[in-house]
Amino acid sequence: MNDYSTTRDRVEHYFDRTATHTWERLTSSAPVSRIRQTVREGRDTMRAKMLWRLPKDLTGLRVLDAGCGAGQMTAELAARGAQVMAVDISPQLVEIARKRLPAEHQDRVTFASGDMLADDLGRFDYVVAMDSLIYYTDADIAAALDRLGARTRHSVVFTVAPRTPFLMAFWTMGKLFPRSDRSPVMIPHPFQPLNEATGGRLVKVGRVSRGFYISDCLEFRP
């Protein structure tokens, strides 16, 4: 997975060294621009959609929050009773998530910074990966799902960027910037080729489209 490793390193550099403050503010209740407000609202809606695919009561179940970011999903999983492994490529975002986690949930969450696919994270009942696979090719996503699925009892719920005219234009424009100035650009995916890459094991959950946030929720069943 050489392409995966290269992209992962670029994502780490962006979120841990360039966008930490922006991401911290976006995932808080602080005022943001109109555009970022649509992203915040879209992410809130998507998080609820993903959680809907998991049991309401997660007591006794182990869940991987793959790409936990600032920890909003982590906190909600812990509030449902899950034992959560929260991992993100950015140590700075992990630290923000750790500080934000309510005290009453701290005994149910283990934080780690590093690769969300690492085998030593253990086995899980469910995996959620919100917007953490959106930068990868279909081959890398399929390989990541296989690796996670081999250690997951039920399902991996994740998001991808759909192949819409708006996102394709955004993707094309991002490639025009000098390489040193680029943020990680999401790769839009039509459902069928991605499903074929995973051996037909994907289920469509639904799309969230709110301003500049457009994302598809999918479920992978090992």
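Guide: Strands (E, at least two residues) and helices (H or I, at least four) are DSSP runs numbered from the N terminus, and two strands pair if DSSP finds at least two bridges between them. The model is predicted, so local features need pLDDT of at least 70 and side-chain atom pairs count only at pLDDT 80 or more, while totals for chains, interfaces and linings use all residues. Residues are numbered from 1 along each chain as its sequence is written, and side-chain values use heavy atoms, with hydrogens and water left out.

Visitor: How many helices and strands does the protein have?
Guide: The protein has 222 residues, and 50% of them are buried, meaning under 20% relative accessible area (1.4 Å probe, protein chains only; exposed is over 50%, partly exposed in between). Its secondary structure comes to eight helices and seven strands.

Visitor: In what order do the strands of the sheet run?
Guide: The sheet is open and its pairing is mixed. Its edge strands, each pairing on one side only, are β3 (109–113) and β6 (202–210). Neighbouring strands are turned against each other by 15 degrees on average, direction ignored; axes here are lines fitted to C-alpha atoms, for helices over the stretch in contact, and angles run from 0 to 180 degrees between N-to-C directions. From one edge to the other, the order is β3-β2-β1-β4-β5-β7-β6.

Visitor: Which residue of β7 stands opposite serine 209?
Guide: Strand β6 runs antiparallel to β7 (residues 213–220), and eight bridges join them. Along this pair, glycine 206 has cysteine 217 of β7 as its bridge partner. Opposite serine 209 stands isoleucine 214.

Visitor: What is the phi of glycine 211, in the turn between β6 and β7?
Guide: The two strands form a hairpin with two residues between them. Glycine 211 lies in that turn, and its phi is positive, about 60 degrees.

Visitor: Do β1 and β2 run parallel or antiparallel, and which residue of β2 stands opposite arginine 62?
Guide: Five bridges join β1 to β2, and the two strands run parallel. β2 is mostly covered, with five of its six residues buried. Opposite arginine 62, the residue in β2 is glutamine 83.

Visitor: At what angle does helix α5 run to β3?
Guide: Helix α5 (residues 91–100) lies across two strands, β2 (83–88) and β3. Its direction relative to β3 is about 160 degrees.

Visitor: Which elements do the buried residues of α4 pack against?
Guide: Helix α4 covers residues 72–79, and its buried residues are Met73, Thr74, Ala75, Leu77 and Ala78. After α4 comes glycine 81, with a positive phi near 105 degrees. Contact means heavy atoms within 4.5 Å, and the buried residues of α4 pack against α3, β1 (62–66), β2, β3 and β4.

Visitor: Is threonine 20 buried or exposed, and which residues is it in contact with?
Guide: Threonine 20 sits in helix α2 (residues 20–26). Its relative accessible area is 11%, so threonine 20 is buried. Leaving aside neighbours within four places in sequence, threonine 20 is in contact with Phe15, Gln92, Leu93 and Ile96.

Visitor: How far apart in space are serine 28 and arginine 100?
Guide: Serine 28 lies in the loop between α2 and α3, and its relative accessible area of 25% makes it partly exposed. Not counting residues up to four places away in sequence, serine 28 touches Arg40 and Arg100. Serine 28 and arginine 100 are 72 residues apart in sequence; from C-alpha to C-alpha, the distance in space is 9.8 Å.

Visitor: What share of the contacts with a separation of 6 or more comes from residues 24 or more positions apart?
Guide: The pair of serine 28 and arginine 100, at 72 residues apart in sequence, is one example of a distant partner. Across the protein, among contacts with a separation of 6 or more, residues 24 or more positions apart account for 70%.

Visitor: Why does aspartate 131 count as buried?
Guide: Aspartate 131 is in the loop between β4 (124–129) and α6 (138–149). Most residues other than glycine have a negative phi. Aspartate 131 has a positive phi, near 60 degrees. Aspartate 131 counts as buried because its relative accessibility is 14%.
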